[in-house]
Amino acid sequence: TQVVDRQDSVLGFFHSWIERFAQYFDAVEVVCLKEGEHSLPEKVSVSSLGKENGAGKITRAFRLYRMIWQKRNEYDVVLVHMNPIYIVLCGWLWKWIMKKPICLWYTHKSIDWKLKVAEKFATQIFTASTESFRLESQKVLVTGHGIDTDVFKPNYSLKDKDTFEILFVGRVSETKGLGICLKAVSILKDAGIDFHFSIVGGPVTPGDVIYKKQMEKLVLQKELEGFVTFVGPVSPASSVPYFQKAHVFVHASDTGSLDKVVLESMACGTPVVSSSEAVIPIVSKYNSHSVFEAGVTKDLADKLEYFSRMKNDMHYLQEQVRGEVVKNHALDDLIEKVSNSIKNV
């Protein structure tokens with residue numbers, strides 16, 4: 001996996017996965033690109049390739065080969081989380097030399113040469129939804145996302161009865177559609193609606209940094225300074241109160257996959273407004289106003305205006321959206337499905 005750090009704003013959730021995997025296996029050997037804060041059972045061993053200490057790609061690759069070879073008698077099966085490049089580099093060694101089954105967890109619409117190579121070596125592939133894995137393969141098992149519904153849960157007392165709270169959580173990048181969200185809330189401002197828009201997350205790439213500056217400039221242009229807050233990146237646990245406080249979560253991503261933050265919001269009883277092809281089939285079951293046409297600012301503004309009027313009368317909808325996650329995307333159910341499948345490969 002990339003990161004073992006429960007404070008990581010993007011991948012901190014995987015800490016909970018490792019904890020639960022330890023309940024199903026005699027030992028869990030974790031090799032990560034970067035190691036941070038963690039507190040895991042004794043049967044879990046974490047080895048880092050050293051990115052946190054500045055190790056370069058060649059050094060990390062050398063360490064990866066050394067680790068998987070030295071530990072070859074300590075593991076029976078391999079699970080690669082999200083990064084097909086690990087299978088590109090090591091699949092031949094695991095499959096042909098060590099004779100070990102290889103499993104891959106992957107949730108993204110993109111299909112590149114690395115994924116195609118990884119699919120050939122993989123014994124089993126896990127994904128969150130049918131939209132989250134677009135490469136045709138008989139090896140795919142759809143498991144749902146893994147949301148810890150004991151952590152991501154409602155606290156309706158945090159919701160303001162007067163100010164309409166809108167929430168965006170995710171990477172601040174062009175693919176996540178923050179620009180259309182800001183333009184839509186500008187329409188709410190002009191309509192005299194009392195609202196606040198919290199943006200939780202930050203840029204990752206140099207291109208994202210440029211994009212964030214553009215968004216900050218847009219806030220000034222639209223005179224939204226008192227209505228919009230750039231919160232910055234927070235750990236998964238620290239994001240929970242933001243979900244609980246919000247009346248609606250806005251999702252304009254065009255990644256094409258079922259983003260985990262959508263389900264985290266729903267688990268907290270906060271409805272979602274989305275234009276994503278992967279999210280629409282889920283949210284449209286409960287409220288038609290939860291869908292807006294991709295790229296159409298006025299449509300998003302109209303849907304947000306609807307929820308602003310309904311903000312204090314949504315208990316039934318709030319319970320419905322949480323129920324969807326509890327039923328189909330709970331973390332314990334996912335880990336059980338993946339673990340049982342791994343044991344049978």
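Student: Starting with Glu223, is that residue buried or exposed?

Tutor: In this predicted model, Glu223 is exposed, because its relative accessible area is 54%, and a residue counts as exposed over 50%.

Student: And where does Glu223 sit along the chain?

Tutor: Glu223 is placed in the loop that runs between helix H6 (206-221) and strand E11 (228-232). As for its distance from Asn312, the two residues are 89 apart in sequence, and their C-alpha atoms are 27 Å apart in space.

Student: You mentioned E11, so which sheet is that in, and what is the strand order?

Tutor: E11 belongs to an open sheet of five strands in the order E11-E10-E9-E12-E13, with parallel pairing. The edge strands are E11 and strand E13 (272-274), each of which pairs on one side only. From neighbour to neighbour, the strands of this sheet are turned by 25° on average, with direction ignored.

Student: How many bridges hold E12 to E13?

Tutor: Strand E12 (residues 248-251) and E13 pair in the parallel sense over three bridges, and within E13 it is Ser274 that serves as the bridge partner of His251.

Student: What lies across that part of the sheet?

Tutor: Helix H8 (residues 260-267) lies across strand E9 (164-169), E12 and E13, and its direction runs at about 170° to that of E12.

Student: What about E10, how many of its residues are buried?

Tutor: Strand E10 (residues 195-200) is mostly covered, with six of its six residues buried. Side chains in a regular strand alternate between the two faces of the sheet. In E10 both faces are covered, with Phe195, Phe197 and Ile199 buried on one side and His196, Ser198 and Val200 buried on the other.

Student: How many bridges join E10 to E9?

Tutor: E9 and E10 run parallel and are joined by six bridges, and the partner of Phe164 in E10 is Phe195.

Student: Changing topic, how many disulfides are there?

Tutor: The structure holds zero disulfides. Cys32 is in no disulfide, and the nearest cysteine sulfur, belonging to Cys90, is 14 Å away. Cys32 is also buried, with a relative accessible area of 0%.

Student: Why does Cys103 not bond to Cys90?

Tutor: The sulfur of Cys103 is too far away for a bond, because its closest cysteine sulfur, in Cys90, is 15 Å off, whereas a disulfide needs the two sulfur atoms within 2.5 Å. Cys103 likewise counts as buried, at 0% relative accessibility.

Student: Which strands make up the four-stranded sheet?

Tutor: The open sheet of four strands has the order E5-E6-E7-E8, again with parallel pairing. E5 and strand E8 (140-142) stand at its edges with a single partner strand each, so one side of each is left without a neighbour in the sheet. The twist from one strand to the next averages 25°.

Student: How many bridges between E5 and E6?

Tutor: E5 pairs with strand E6 (residues 102-105) in the parallel sense over four bridges, and Val80 stands opposite Leu104 in E6. Helix H12 packs on this sheet, where it touches E5, E6, strand E7 (124-127) and E8, and its direction makes about 175° with that of E7.

Student: Take Gln124 in E7, then: what does that residue touch?

Tutor: Leaving aside neighbours within four places in sequence, Gln124 is in contact with Ile102, Cys103, Leu104, Lys139, Val140, Leu141, Ser341 and Val345. Gln124 counts as buried because its relative accessible area is 16%, and the cut-off for buried is under 20%.

Student: And Ser339 in H12, buried or exposed?

Tutor: Ser339, which lies in helix H12, is buried with a relative accessible area of 0%. Not counting residues up to four places away in sequence, Ser339 touches Phe21, Tyr24 and Phe25.

Student: Last thing: what is the volume of the second largest pocket, and which residues lie nearest its centre?

Tutor: The volume of the second largest pocket is about 800 Å³. Its lining is made up of 28 residues, and those nearest the centre are Val28, Glu29, Val77, Val78 and Leu79. Among the elements that each supply at least two lining residues are helix H1 (14-21), strand E2 (28-32), strand E5 (78-81) and helix H12 (331-343).

Definitions and conventions:
Residues are numbered from 1 along each chain as its sequence is written. This is a predicted model: local features need pLDDT of at least 70, side-chain atom pairs count only at pLDDT 80 or more; totals for chains, interfaces and linings use all residues. Side-chain values use heavy atoms; hydrogens and water are left out. Buried means under 20% relative accessible area, exposed over 50%, partly exposed in between (1.4 Å probe, protein chains only). Two strands pair if DSSP finds at least two bridges between them. Axes are lines fitted to C-alpha atoms, for helices over the stretch in contact, and angles run from 0 to 180 degrees between N-to-C directions. Contact means heavy atoms within 4.5 Å. On a 1 Å grid over the protein atoms alone, a cavity is a set of points where a 1.4 Å probe fits but cannot get out, and a pocket is an open set with protein on both sides within 12 Å along at least five of seven lines; lining residues have an atom within 4 Å of a point. Grid points are joined across faces, edges and corners, and a volume is the space filled by probe spheres set on the points.
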